[in-house]
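Good morning, and thank you for making time for this presentation. I shall take you through one protein chain, and I ask that you keep the display in view while I speak.

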Amino acid sequence: PRQFRDSVPIDHYRLSNHPFRPITGNRNPSDSIPTPAIKKLPELNFLYIKNHGVINGTFLTTALPSFDRFKKKIHQNELQDITFNSASIYPFRPLSFDDDQAVNLVGAVVKQTSRATEGLNSFTIPEGKYAIFNHYGSYDYIAQTWNQICMNWYPKSGKALRDAPPLEIHLGTDDSESSLELVAHVMIPIH
């Protein structure tokens with residue numbers, strides 16, 4: 001976003017030539033508009049803990065310890081058998097590059113349950129259509145995937161956003177050395 005360009009070193013917001021981003025290489029970022037899968041998804045149940053903070057323009061630094069807390073709560077409540085992929089929901093846009101009040105919800109998609117979920121919150125993600133983008137490689141670069149979606153795909157897509165939160169579905173850990181491993185879906189609610 002433009003408001004960050006004056007306060008952030010240029011290499012923070014540009015797509016880089018880093019080995020984990022081989023798809024973009026030296027091309028102009030606007031030439032590599034991602035192509036999503038468009039799917040209608042059923043209502044999803046989401047258990048989460050609330051997290052605050054954006055550091056250097058990313059939720060990642062504050063979210064990782066929250067995922068560890070969330071996993072402990074899942075084990076304490078014996079909910080492992082109903083838990084699917086971990087996920088993050090971003091209900092509000094950060095107001096600055098270092099916004100300690102920005103909210104994200106860190107948790108997992110789960111089967112419907114009536115079991116106790118002590119220390120966890122629940123949220124129902126409404127059914128509807130999503131543009132689903134794949135993120136490959138390190139989570140350190142997932143902000144670049146979001147930027148490509150928001151700055152290049154969405155303005156040219158002709159799609160309208162629905163009143164539902166965008167989310168990330170995390171498919172794997174970030175311990176792979178492979179730059180081509182699919183690690184997350186970025187899901188944008190559309191009409």
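Let me begin with a term that I shall need shortly: a polar contact is a pair of N or O atoms within 3.5 Å, and within protein one of the two must be able to donate a hydrogen and the other to accept it. Please also bear in mind throughout that this is a predicted model.

The term applies directly to Arg 162, which sits in the loop between helix 3 and strand 7. Its side chain reaches the backbone oxygen of Lys 129 at 3.2 Å. A polar atom of the same side chain of Arg 162 lies 3.0 Å from the backbone oxygen of Ile 190. Arg 162 is buried and yet has no salt bridge. Where is the nearest side chain of opposite charge to Arg 162? That side chain belongs to Glu 127, and it is 8.5 Å away. Leaving aside residues up to four places away in sequence, Arg 162 touches Pro 126, Glu 127, Gly 128, Lys 129, Tyr 130, Pro 189, Ile 190 and His 191.

Glu 127 leads to the next point. Side chains of opposite charge can pair when their charged atoms come close. How many salt bridges does the structure hold? It holds one. The partners are Glu 127 and Lys 40, with their closest N and O atoms 3.7 Å apart. Glu 127 lies in the loop between strand 5 and strand 6, while Lys 40 belongs to strand 1, so the pair ties together parts that are 87 residues apart in sequence. Are these partners buried or exposed? Lys 40 is exposed, with a relative accessible area of 61%, and Glu 127 counts as partly exposed at 48% relative accessibility.

I turn now to the overall arrangement. The secondary structure of the chain comes to three helices and eight strands. Read along the sequence, these elements follow the pattern α-β-β-α-β-β-β-β-α-β-β. The chain has 191 residues, and buried residues make up 42% of them. Among contacts between residues at least 6 apart in sequence, 78% join residues at least 24 apart.

Helix 3, residues 142-157, deserves a closer look. This helix bends by about 30° at Ile 149. Which residues of helix 3 are buried? They are Ile 142, Gln 144, Thr 145, Trp 146, Gln 148, Ile 149, Asn 152 and Trp 153. As a general point, an α-helix has 3.6 residues a turn, so residues three or four places apart point the same way. What covers the buried residues of helix 3 includes strand 6, strand 7 and strand 8. Pro 155 also lies in helix 3, but this proline counts as exposed, at 53% relative accessibility. Outside the residues up to four places away in sequence, Pro 155 touches Ile 149 and Cys 150. After helix 3 comes Gly 158, whose phi is positive, near 75°.

Ile 149 also has a distant part of the sequence beside it: Thr 35 is 114 residues away along the chain, yet the two C-alpha atoms are 9.1 Å apart. Thr 35 is found in the loop between helix 1 and strand 1, and it is exposed, with a relative accessible area of 73%.

Strand 7, one of the elements covering helix 3, contains Leu 167. Leu 167 is buried, with a relative accessible area of 0%. Among the residues that Leu 167 touches are Trp 146, Tyr 130, Ile 125 and Ser 88. Val 186 is also touched by Leu 167; the two are 19 residues apart along the chain, with their C-alpha atoms separated by 6.0 Å.

One backbone detail should be noted. Most residues other than glycine have a negative phi. Glu 78, however, has a positive phi, near 55°. Glu 78 is placed in the loop between helix 2 and strand 3, where it counts as exposed at 58% relative accessibility.

Finally, a word on confidence. The chain averages a pLDDT of 77, and 78% of the residues score at least 70. Confidence is highest in strand 1, at a mean of 94, and lowest in helix 1, at 39. Over residues 1-26 the pLDDT is below 50, although this stretch has 43 contacts in the model beyond near neighbours in sequence. Where pLDDT is low, the predicted coordinates should not be read in detail.

How values were computed:
Residues numbered from 1 in each chain as written. Predicted model: local features only at pLDDT ≥ 70, side-chain atom pairs only at ≥ 80, totals over all residues. Heavy atoms only, no water. Bend = angle between axes of the 7 residues up to and from the residue. Helix = DSSP H or I, 4+ residues; strand = E, 2+ residues; numbered from the N terminus. Buried < 20%, exposed > 50% of the residue type's maximum accessible area, 1.4 Å probe, protein only. Contact = heavy atoms within 4.5 Å. Salt bridge = Lys/Arg side-chain N within 4 Å of Asp/Glu carboxyl O. pLDDT = per-residue confidence, 0-100. Lys, Arg positive; Asp, Glu negative; His and termini not counted.
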